[in-house]
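Here are some notes on how the strands and helices of this chain are arranged, set out as numbered points to be read beside the structure.

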Amino acid sequence: MKDWWKGFFREGVYPLASLIDIDATQLEVRELRRLLPAGRGARVLDVACGVGRHSVPLAAAGYDVTGLDYSTSYLKQARRRAQRAKLAVRFVQGDMRRLGFEKAYDVVLNLWTSFGYFPSRADDERTLRSMRRALKPGGWLVLEVVDPARFTGGFPPRHWDRIRGYWMLEATSLREGKDPAMIAERFIIAPNGRTSRTRTFVRMYSRPRLKAALEKAGFERVALGRGLIEQGAGAKPSRILALARRPF
């Protein structure tokens, strides 16, 4: 499954723009504005920005936003979103392991489990170090990943979801051992009848494992909590939100 993400994150395969939960996005952006540095002009790098669902509304709120993604298909849609909103958002194509920025941003975002895609743990470490280098001294990383604890007792069986006219059949399994990972197979039917079949890999990070990885990458003041819009929820959390600072 090496480099599965190169073929997966394309509009004709995984129609991200059509699967976005608009209400959840609004709540996420509101929570991000609470977490991010106050004041217009704070520089934000949205890593794995996709179609710009966070980048564009953050720019509308006054942040100086750069969105980076590997998918040229998604970036085209992100640019159109920004143009329609008459916002100057910079979108660039790149690899999160080699961001190429040095001490440039107040905040780096990596949301919606956009981390852990690489078969080698060393690549995850390169990604975190690259994010740290992109931050100004004292800058913050905001990273959100799926919480393995939600799957205690096993994964649900295969199930169908319907989202905005798309049907999606998903079956998920867990690779156990010292390097656990979540492997999902999806069969997607578009409203026009077009189908796609995919297989994805995401390395799983428990809270202790994530904290250790961030500290190894050179971050400090690591704080872990519930997902971005799960604060105060009574149910078992489905995501982990990590805040970590680049030292001064």
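**Notes on the two sheets**

1. In this predicted model, strands 6, 7, 8 and 9 form an open sheet of 4 strands in the order 6-7-8-9, and the pairing is antiparallel. At the edges stand strand 6 (159–163) and strand 9 (195–203), each of which pairs on one side only. From one strand to the next, the twist of this sheet averages 25°.

2. Within that sheet, strand 8 (residues 181–189) and strand 9 run antiparallel and are joined by 9 bridges. Arg186 has Thr198, in strand 9, as its bridge partner.

3. Another open sheet has 7 strands in the order 3-2-1-4-5-11-10, and here the pairing is mixed. Strand 3 (90–93) and strand 10 (220–226) are the edges of this sheet, and because each has a single partner strand, one side of each is left without a neighbour in the sheet. The twist in this sheet averages 15° from one strand to the next.

4. At the strand 3 edge, strand 2 (residues 64–69) runs parallel to strand 3, and 4 bridges join the two. One residue pair that can be located in the structure is Gly67 with Phe91, the latter being its bridge partner in strand 3.

5. Two helices can be placed against the 7-stranded sheet. Helix 5 (residues 72–84) packs on it, touching strand 2 and strand 3, and the direction of helix 5 makes about 175° with that of strand 3. Helix 6 (residues 121–134) also packs on the sheet, where it touches strand 1 (43–47), strand 4 (105–110) and strand 5 (135–146), with a direction at about 140° to that of strand 5.

Methods:
Residues are numbered from 1 along each chain as its sequence is written. This is a predicted model: local features need pLDDT of at least 70, side-chain atom pairs count only at pLDDT 80 or more; totals for chains, interfaces and linings use all residues. Side-chain values use heavy atoms; hydrogens and water are left out. Two strands pair if DSSP finds at least two bridges between them. Axes are lines fitted to C-alpha atoms, for helices over the stretch in contact, and angles run from 0 to 180 degrees between N-to-C directions. Contact means heavy atoms within 4.5 Å.
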